[in-house]
Every structure is written in structure tokens, then in C-alpha cells.
Amino acid sequence: VGGIRRSHRPGKVGRSADAEICLSARCPDGNYLVHRWSFNGDLLDTVGGQNATRQGSVKPTFNTANTAITCAGGSKGRSWIDLGANILPRDNTPVTLEIWATQNSVQNWGRVFDIGNSQSDYILIAWTSGTALNKEAMCIKKVGGDISGYLAPFTLGTEFHISVVFLPKADGSWAVTFRKKDATTGTTLGEYTMNISSGWSLAVQGQNNCWLAHSQYNDNDAA
């Protein structure tokens, strides 16, 4: 399966995110990148050309070394990153979304990411279920409700490597694995696989909104 953590990524990126989209089975090492936002002082997608934008009343800021970007957190609309639309492929190619990110403070349902069209069509990981630091939330809304208890807690101020692997199967079903790793050692710290028998695929998943730290609902922006 593609989406193995890359052997190199420019700079040490924490805080809000270093985001990559990886596709599998296209080169000898088993994967290739289709998008990469490193946030090393800019918002460039250095692979796919789909540059991100800073959004909100308090725009996310780069640190002085230009090795990280930070969202301010707070009420919805205060501070988030927009990756554009349709960042995941629509065919049956295995794909992995990878993010290196740090939660700086607890925000009500603060998102790691939220990809979708509306409150009835999205994929998300929230740092916390509500404000419970020991309970995260993962969801593909078209499939079912929130799932918790597999990735939490996310220690405040600590960078994690967070990924979602979308794996189609020959019978038309999908296995979607949410995973948390130690950002330094690569050790898996938690994971959950959602087996979806029918009725969903990336071809039907809404992707008009592809956000970091921002929600389809009236939830807080993450910090």
C-alpha cells in the first residue's frame, strides 16, 4: 500500500501541518506524491501545484525559522488553512493522506482535517471529541457516526504523524485505516480500520472543502 512515510520531508514541520497526499503502485518504492504542502515559509504545493491559502480573522502564521505554521484556534472562522478542492483521487487507486501536526490547546471539536461538502458529507479527524483530551473523533459521515478511542490522547505540544490509508478491494469494498505515529521514531501509537462493504468510495466522497483546523460544523478552529 502506498503512503508510507517519506524518507525525507523538507524541514521539521509541526504546529498546524505538513500535509502530503501519496498514491501507490506507481514507482519502484511503491508510491508517489500527488500533493505536498510543507509550510516551510510558504503555502506552495510543490508537487501538484494546488497552493494552500491562509484563512480567518487571525491568519495562520509561520514561525521565525519558517519551519512551521500555526493556526490561532478559537471560534469557527478565526484561523485555518484551505488546501483547495478535490485533493483525493476519484478512481480506485489506493491513496494515503499524511499530516505531521501538533495540538497546542484544546478546542471544542478542533479538527486535524475536514474534507467534504457539508454537514452530511465529510471525512474528518478531530483532536478531541468535544473538549475531552482523552477522546478523539474519526468519521466518514456517509458511512456512519463518530468513532473514538483508538488514537487519543494527543499530548499537547507534541508533534504526531497522522495518516489515513484508503484501500479499495477487488469486491468493491474499502478498508480505511486511521493511524497515529510518533513523529520522531515512526512507532505506531494507535490505529483503527473501517471496513466499508458497499455504498461508499472516493468517487462519491464530497471534496469541495479540504481544510486543516476547520470544520463543516460550527465547531472551533483548532490550535
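A residue counts as buried when its relative accessible area is under 20%. D219 comes in at 11%, so it is buried by that cut-off. Keep in mind throughout that this is a predicted model.

**D219 and its surroundings**

D219 belongs to the segment after β14, a strand that spans 209–212. Leaving aside residues up to four places away in sequence, D219 touches K76, N108, W109 and R111. With R111 there is also a polar contact, side chain to side chain, at 3.0 Å. Then there is G130: 89 residues separate D219 from G130 in sequence, yet their C-alpha atoms are 8.8 Å apart in space.

**The chain overall**

Zooming out, the protein chain has 14 strands and 0 helices. Read from the N terminus, then, the elements are β-β-β-β-β-β-β-β-β-β-β-β-β-β. Of the 223 residues in the chain, 52% are buried. If you take the contacts with a separation of 6 or more, 58% of them come from residues 24 or more positions apart.

**The six-stranded sheet**

Six of the strands make an open sheet, ordered β3-β6-β14-β8-β9-β10 and paired antiparallel. The edges belong to β3 (53–55) and β10; each has a single partner strand, so one side of each has no neighbour in the sheet. From one strand to the next, the twist averages 20 degrees. As background, strands of a sheet pair through backbone hydrogen bonds, and they do so either parallel or antiparallel.

Look at β9 (121–126) and its two partners. On one side, β8 (residues 111–118) runs antiparallel to β9 and is joined to it by 6 bridges. The connection between β8 and β9 is a hairpin with 2 residues in it, and S118 stands opposite D121 of β9. On the other side, 4 bridges tie β9 to β10, again antiparallel. One of the bridge partners here is C139 in β10, which pairs with L124.

How many of the 6 residues of β9 are buried? The count is 6 of the 6, so β9 is largely enclosed by the rest of the structure. In a regular strand, side chains alternate between the two faces of the sheet. Here D121, I123 and I125 point one way from β9, while Y122, L124 and A126 point the other way, and all are buried.

**The loop after β9**

Past β9 comes the loop leading to β10 (137–140), and S129 is found in it. S129 has a relative accessible area of 15%; the cut-off for buried is under 20%, so S129 is buried. Not counting residues up to four places away in sequence, S129 touches W109, K135, E136 and S148. W109 turns up again among the residues that D219 touches.

**Rings and a lysine**

The structure holds 7 aromatic pairs. One of them is W127 with F154, in an edge-to-face arrangement: 4.9 Å centre to centre, with 90 degrees between the planes. This pair links distant parts of the chain, since W127 lies in the loop between β9 and β10 and F154 in the loop between β10 and β11 (159–168), 27 residues apart. Both W127 and F154 are buried. Ring pairs also bring in F160, making a cluster of W127, F154 and F160.

K180 joins the picture too. Which rings does the charged end of K180 sit over? The table has the two rings, F154 and F160.

| Charged end | Ring | Distance to ring centre |
|---|---|---|
| K180 | F154 | 4.8 Å |
| K180 | F160 | 4.9 Å |

**A more open spot**

Is G172 buried or partly exposed? At 43% relative accessibility, G172 is partly exposed, because that category lies between the 20% and 50% cut-offs. G172 sits in the loop between β11 and β12 (174–182). Its C-alpha atom is 9.2 Å from that of W200, a residue 28 places away along the chain.

Key. Residues are numbered from 1 along each chain as its sequence is written. This is a predicted model: local features need pLDDT of at least 70, side-chain atom pairs count only at pLDDT 80 or more; totals for chains, interfaces and linings use all residues. Side-chain values use heavy atoms; hydrogens and water are left out. Buried means under 20% relative accessible area, exposed over 50%, partly exposed in between (1.4 Å probe, protein chains only). Contact means heavy atoms within 4.5 Å. Rings of Phe, Tyr and Trp (its six-membered ring) pair if their centres lie within 6.5 Å; planes under 30 degrees apart count as stacked, over 60 as edge-to-face and the rest as tilted. A charge sits over a ring if NZ of Lys or CZ of Arg is within 6 Å of the ring centre and within 35 degrees of the ring normal. Two strands pair if DSSP finds at least two bridges between them. Axes are lines fitted to C-alpha atoms, for helices over the stretch in contact, and angles run from 0 to 180 degrees between N-to-C directions. A polar contact is a pair of N or O atoms within 3.5 Å; within protein, one must be able to donate a hydrogen and the other to accept it, and residues adjacent in sequence count only if both atoms are side-chain atoms.
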